[in-house]
Amino acid sequence: MDYKKAGVDIEAGYKSVELMKEHVKRTMREEVLGGLGGFSGAFSLKKIKDMDDPVLLSGTDGCGTKVKLAMILDKHDTIGIDAVAMCVNDIACAGGEPLFFLDYIACGKNYPEKIAEIVSGVAEGCVQSDAALIGGETAEHPGLMPEEDYDLAGFAVGVCDRKDLITGENLKDGDVLIGMASTGVHSNGFSLVRKVFDMSKESLNTYYDELGKTLGEALLAPTRIYVKALKSVKDAGVTVKACSHITGGGFYENIPRMLPEGMKAVVKKDSYEVPAIFKLLAKEGDIAEEMMYNTFNMGLGMVVAVDKEDVDKTMEAIKAAGDTPYIVGHMEAGEKGVTLC
C-alpha cells in the first residue's frame, strides 16, 4: 500500500504546481519575496511605511455553488476570477488596496491540467485587481469528494491609510448613490439559480434570444472586479463616503451595512435597466420581486455614496476605469435601512 493507492497522487500535485507557475508569474508585484513553492508567501511591507497610519484589511470567500456550473460545462478558466473578486471587492469597498491573494482548492482527484486551468482564472483575477498571487493549496480528498468535484476559496490582504477608510460616518441627507453595473449573477444566489433551471449540459448550452448568449454563458460570467474603478474615483479627488459590495443578501442586506444609525438609503428601481438574466430568473422561477432584490445584485455589483457636488467627477472616473455607472438614488435622514421605490 502507498499514498497513491490510497487516492492521493503526489506526482500529480507536483505537475499541478509546475503547470500553474506560468499563470502565477503574471501576478507578481515588486514587493513579493521568493517564488512559488515555499512554505509561506513573503510580501515586503516597505511601501506601507510611507502611510501615516496603515491599516491591514482582509477578506476571505469562495464561489459558492457556482462551481457546480463550471463542472457541468467543464469550463474552469473563469471561476478563479470569482474567488478573487469576492475577496478583493470587499477590501476595495473599505477603501483599501489589495496586496496579495492565496487560494485553496479542494478536489476529489488532482487532475493537473484542470487545476492549472482553475489557477489561470485566479491569476487573471489577481491581474485585474493588481494583487499578487503569492501562494495557495491544492488538497486531494479521495473518499470525501467525488473525483470530478472540487471547491475553490481564497483569502486576500490589503492596506489602507486610516484616514482613507470608507466608514459611512460622514453620510448626510442629500448625498447621492451611484451604482456600478454587474456582469450578471456574479457568485451569489446559485443555490436558488440551480433550483430554477435544469442543471444539465443541454439546458446550460441552450441559447436565449433575450440573453444574446447561452444560459451557461450568462450564468458563468465572472464576477466584476471593482478595484480599479474605486481607485480611479479616489485618484479623481473624490471622497467616497460609503460603499457597499452587493453580494449574498442583495440590496436589503448589503446596502444597510454601509450606513450609520439615522441614515436611510433610497434606491430607485427604474434608474437603470435590470439585466435580462434576472428577468429570466424571476419569470422561470416565479420569484417575487422582493425576494429577487433580497438575493441577487440585480445588475449593480457595487454602490457608492458621494457628495452631490462630486457626482460628475465620480461618474467620469468610473467610466475611465471601464465600468458603467448609474445614479441610482440618494441618502435621507431616517431609520437605518434601504427603501426601494
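Two strands are taken as paired where DSSP finds at least two bridges between them. On this criterion, the predicted model contains an open sheet of six strands, arranged in the order 10-12-7-13-11-14 with mixed pairing. Strand 10 (242-245) and strand 14 (337-340) form the edges, each pairing on one side only. From one strand to the next, the twist averages 25°.

At one edge of the sheet, strand 14 pairs with strand 11 (residues 263-267) in the parallel sense, over four bridges. Within this pairing, Val267 is placed opposite Leu340 of strand 14. Strand 10 and strand 12 (300-306) are crossed by helix 3 (residues 79-93), which runs at about 170° to strand 10.

Helix 3 falls within the numbering of a span annotated in UniProt: an unreviewed entry lists residues 55-159 as "domain: PurM-like N-terminal". In the model this span is 38% helix and 36% strand, and its end C-alpha atoms lie 6 Å apart.

Strand 12 is followed by a loop that leads to helix 12 (311-320) and holds Lys308. Lys308 is classed as exposed because its relative accessibility is 58%, the cut-off for this class being over 50%. Leaving aside residues up to four places away in sequence, Lys308 touches Gly174 and Val176. Thr27, by comparison, is 281 residues from Lys308 in sequence, and the C-alpha atoms of Lys308 and Thr27 are 37 Å apart in space.

Conventions. Residues are numbered from 1 along each chain as its sequence is written. This is a predicted model: local features need pLDDT of at least 70, side-chain atom pairs count only at pLDDT 80 or more; totals for chains, interfaces and linings use all residues. Side-chain values use heavy atoms; hydrogens and water are left out. UniProt positions are given in the numbering used here, feature names are shortened, and annotations may be inferred rather than shown by experiment. Helices (H or I, at least four residues) and strands (E, at least two) are DSSP runs, numbered from the N terminus. Axes are lines fitted to C-alpha atoms, for helices over the stretch in contact, and angles run from 0 to 180 degrees between N-to-C directions. Contact means heavy atoms within 4.5 Å. Buried means under 20% relative accessible area, exposed over 50%, partly exposed in between (1.4 Å probe, protein chains only).
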